[in-house]
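Okay, thanks everyone for coming. I'll walk you through a few spots in this one, so have a look at it first.

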Amino acid sequence: MKNLSLLVIPAVLFIAAVISVAAKLPPDVASYNPEIPATLDPDNFPDPGHGCLATGCHDNIEPIRQHNSQMASEIYQKGAEMGDPNGCVVCHSGNPQARSKTKAHHNLIKYPASMWVNAKTCGQCHEEHVYVTNRSLMQTEAGKIQGAIWGWGAPDGYRVVYGNYELKDPDGKTPKWGTDQYKAYMRRLMEENPQAFPDSLQLLPEVNLETLEEMPQQAVLTYIRSDCQRCHIGVKGLQRRGDYRGMGCAACHIPFGDEGFYEGRDVSIPNDEPGHVLVHTIQSSRKAKVMVNDKIYSGIPAETCVTCHNRGKRIGVSFLGTIESPYDTPWGHNGESQPKLHGKHYHYLRDDHHHNPDDNRDGNPNGSILCQDCHLTTDVHGNGNIGGTTFGEVEIECADCHGTPEKYPWELPLGWGDEYGISEENVPRGLTRKLLDFQEKKNTVYEPEDGYLLSARGNPLGNVVKRGNEAVLHSAGGADFKIPMLKKLERRKQWQNPEKATTAMVDVSKHMENMECYACHSTWAAQCYGCHVKIDYSGNRTSTDWVKTANLHFPSGETCETQKGYHPLTQPGKAYEGRTYIRWEDPILGVNGEGRVGPLIPGCQQITTVIGEDGNAIVSNKIWRTKPGEENGGREGQRGIDMAPANPHTASRRARECTSCHTNPKTLGYGLDGGGYMQNYDHDTYIDLRTPSGENISRNSRAQFAEIPGLDIDLSQIVTRTGKQLQTVGHHFKLSAPLSQDQRERMERVGVCIACHKDIPDGNFAIKAIVKAGSVLNMSPHFDEEHSELLNSDITLAARMRVYALPVLLIILFVFWIYYRKKKATK
C-alpha cells in the first residue's frame with residue numbers, strides 16, 4: 001500500500017499540474033467558463049486578474065479579439081514587452097500597474113480608434129489603412145460638401161475644393177494599393193475627371209456675418225457644418241437612438257446598439273447609460289467572432305453602416321427595406337408612438353434582395369449578405385488618393401459577380417459596366433490566384449479554387465471564387481452563397497419569368513450594353529422632393545459646428561465632444577430642414593457618370609431661406625442657379641435643384657415592369673403625368689374665400705403657399721419633351737444627364753393602348769365582327785397574359801403578311817401567267 005501511495009500521490013500531483021497548465025494553454029484548448037467559447041472568455045487572458053483586469057476594475061471585459069487570433073497574439077506579445085501581458089496598454093496606453101484609477105488612467109487613450117490617435121494605435125499594425133482612411137470620403141466628406149454648395153449657386157462648378165480638414169495627397173495620382181491594372185485604370189479615370197479627384201482640400205470656411213446681406217449664399221456653410229458633417233468619422237456625432245457609434249476605425253469596427261447601451265460583463269462600464277459600446281470586441285471579417293448575449297456573429301452588420309447612411313441618398317435604410325414617414329404609426333403595443341430612429345419615423349417596404357437573399361420574410365436561415373461582402377476595402381477605406389464622389393471611389397459592379405446572359409464574369413473585359421466614356425479593350429479579364437498584400441495578411445483568406453474573380457477595375461474579389469461555371473461568395477457573416485450566373489440561367493432558361501427576362505436582357509441587347517442592372521432591378525427608391533433649408537441667425541441662435549468640433553482634439557483620442565471640461569463647439573445660426581413630399585415608387589431614369597442609364601433620386605433640391613440677425617428674411621424660398629452655361633442652363637444658368645444618379649440599394653429578383661418605364665412619363669424625366677402638377681408655386685397661393693374671378697374676399701387672408709420664385713415645374717420633372725433641361729442631373733461627372741432626346745423617343749410608348757382601342761371594340765365592320773366572334777366563342781382576352789399573347793399573335797401574323805404577301809401574290813400571278821400561256825398555246 002505504501003508503495004502504491006508513493007505512485008498515486010505523484011500521479012495525482014502530475015494530473016493536477018496538467019490541469020493547471022491546461023488552464024494556461026491556448027484558449028481553444030481550455031476554458032474556465034463552459035457557457036462562453038474559450039477564445040472569447042475573459043478568464044483566458046494571458047494574465048487574468050492583474051493590471052487593468054484586476055478585480056473591481058475591468059476584470060470581466062471582453063477580449064478585443066479571440067485570444068487565439070493572430071491579432072490578439074501580436075497584442076499580447078507587444079503588451080508583455082511593455083509590462084502588460086494582457087495588452088491593454090498597446091492600444092489604450094495608461095499604467096496598468098498603478099493602484100489608483102487616477103494614476104492608472106494617466107495619459108489614457110480613451111478612444112484608441114479615433115482618427116486623431118489611430119496612427120500610433122491601429123496604425124501599429126494597419127499603417128496603410130490609417131493613411132488611406134484619412135483621405136477617404138468617410139473622413140473628408142468632400143463630395144457631400146461640394147454637393148451642398150452646388151445647390152447654393154455652385155460657385156466652384158464641378159470642382160471639389162473643400163473638406164472637413166486641410167489635406168494633401170503627397171504621393172500623387174497613383175493609388176496606395178491595388179493591382180497594376182487597377183492603378184492604371186484609376187490614373188486614367190482621374191486624368192479624364194480631375195474635378196472629381198482633387199490633389200488637395202481646403203478647410204471648409206465659416207460664415208462671415210458681416211457680409212451675409214451681400215452674400216447670403218454663404219449660409220450654406222452653417223448648414224453643412226451643423227447638419228451635414230455630423231456623420232464623418234472624425235467625430236462621434238449625434239448621440240441619439242440609431243446614431244450611436246465610435247470614432248475613426250471604431251465607427252465601423254466596434255459594435256454599438258441602436259439604444260446605445262453596454263451589454264457586456266465589465267461592471268465598470270455603466271449598462272444603464274446610453275452612448276457606450278455594445279461589447280468591447282472588434283467586428284470585421286469572418287474570422288473575427290463577436291459574442292453578445294450568448295449570440296456569436298462575425299462580419300459588420302448592415303445596421304452598423306446605417307448609423308451614417310440614413311440621410312442623403314438613404315441607401316442604408318433603403319437596403320433594410322425602410323423609408324422615412326411623417327407619421328408615428330404603427331403605434332406600439334401599449335399605444336405609444338413608434339420610437340424615432342435617426343431622428344425620424346419609418347415604415348417598411350421591402351428589403352434589398354441581398355439583405356434577404358431568399359426573400360424569406362420570416363428570416364433567411366443562411367443569413368444576409370453584408371455590405372462589406374460587395375464593397376471592397378477600396379470602396380470603404382479609400383485607395384490613398386483624395387476622393388470627391390462615391391461613384392469615383394466604389395469599384396464593384398453587378399456584372400463582376402453575376403456576369404451577363406452572354407458572358408461569365410471572367411469572360412468580360414476589365415472596365416465593363418464602369419466605363420465613364422473610356423473605351424475598354426475587349427479582352428477577357430480572367431481570374432487571379434494572387435490577393436493584394438493586405439488581403440493576404442489581414443483579411444480572412446479563402447481557398448481560391450479555380451481562382452478569385454476580379455472587379456471591373458481589376459482588383460481581386462478575395463471572398464468570391466470560381467467553382468466550375470459557378471461562383472461562390474463567402475460572406476463575412478459566415479454563410480456561403482452560390483451566385484446566380486446570368487449566362488447559366490439563360491442557357492437553361494431558369495429565369496423566374498423566362499419570357500420577360502429573355503426579352504429584356506437578350507432580345508433587347510441594348511439594355512445590357514447601356515443600362516445599369518439596378519435601373520430595372522431597383523423597383524423602388526427613396527425620393528425626398530424639395531429640400532427646404534432655413535438658416536436663422538436671429539435671436540442669438542447657435543448650432544453645433546461639427547467641423548470645428550473635430551478640429552479640436554486631444555491626446556486621449558477625444559474631441560471636445562467628450563473631453564472633460566469641454567463641449568461641442570458652436571457657430572452662429574441654426575439650420576432647419578423640411579421637405580415638399582416623399583415618394584418611393586417609379587424612380588426616374590437618367591444617365592450617370594459612367595455613361596449608363598440608371599435611377600435618379602433627388603440629390604438635394606435645396607429651396608433656401610436665410611433669416612438675418614435682425615429677424616428679417618434676406619432670401620426667401622430661393623432656388624439658386626448655376627453659372628451660365630452649366631447643365632444646359634443657358635445664360636441664366638440652370639436651376640440648382642439636383643437629381644442625383646444613385647444605386648438605391650433596393651434590388652429585387654423581379655425587375656420593374658416594362659410599362660413602369662416605357663409608358664411612364666415620370667420615369668422618362670417628364671414629371672408626374674408629363675409635368676402637369678405643382679404649377680402654382682411661382683406665386684403666392686391663397687385658399688381663403690374668393691370671388692369667382694379668384695380675388696380674396698377677406699382682408700385678413702394670408703398666403704397658404706408662399707411663392708417659390710422660379711419653381712413653375714413639377715419637382716420630378718427634369719426635362720421637357722422638346723429637350724429643355726429643367727434642373728441639374730449630378731454635379732461630379734460630365735456624362736451625367738437626363739435621358740437624351742433619342743433615348744426618350746425610343747423608349748416612350750405612352751398611348752400605345754389608344755393605337756388599338758380607338759377602334760376596338762366599336763370600329764369598322766371587320767373589327768366588330770372579330771370582337772363579336774371572340775365574345776361568342778369565349779376567345780376574348782380577359783387577363784394580361786392572354787392580352788399579351790393575342791397582341792404577339794396579331795403582330796406576328798401582320799409581320800408575316802407584310803413579308804410573305806407580295807412574294808406569294810407574285811408567285812400566284814406567275815403561276816397563273818404560265819397556266820394562261822400554256823392554255824393559250826394549246827388552242
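**A charged patch, a buried valine and a small sheet**

So, Glu 213, Glu 214, Glu 613 and Asp 614 make up a negative surface patch. Patch here means residues with over 30% relative accessible area and no salt bridge, like charges being joined within 9 Å; a salt bridge is a side-chain nitrogen of Lys or Arg within 4 Å of a carboxyl oxygen of Asp or Glu. Areas are Shrake-Rupley with a 1.4 Å probe. Charges are placed at CD of Glu and CG of Asp.

Before I go on: this is a predicted model, with local features needing pLDDT of at least 70, side-chain atom pairs counting only at pLDDT 80 or more, and totals for chains, interfaces and linings using all residues. Numbering runs from 1 along each chain as its sequence is written, and side-chain values use heavy atoms, leaving out hydrogens and water.

Back to Glu 613: it's in the loop between β18 (606-611) and β19 (617-622), strands being DSSP E runs of at least two residues, numbered from the N terminus. Glu 613 is exposed because its relative accessibility is 53%; exposed is over 50%, buried under 20%.

Val 610, in strand β18, is at 0%, so that one's buried. Its C-alpha is 9.3 Å from that of Ala 575, 35 residues apart along the chain.

Last, an open sheet of 3 strands, ordered β1-β3-β2 with mixed pairing. β1 (162-163) and β2 (167-168) are the edges, each with a single partner strand, so one side of each has no neighbour in the sheet. Pairing takes at least two DSSP bridges. β1 and β3 (200-203) run parallel, joined by 2 bridges; Tyr 162 has Gln 202 of β3 as its bridge partner.

Conventions: Patches are made of residues with over 30% relative accessible area and no salt bridge: like charges are joined within 9 Å, nonpolar side chains (Val, Leu, Ile, Met, Phe, Trp, Tyr) within 5 Å. Lys and Arg count as positive and Asp and Glu as negative; His and the chain ends are not counted. Helices (H or I, at least four residues) and strands (E, at least two) are DSSP runs, numbered from the N terminus. Buried means under 20% relative accessible area, exposed over 50%, partly exposed in between (1.4 Å probe, protein chains only).
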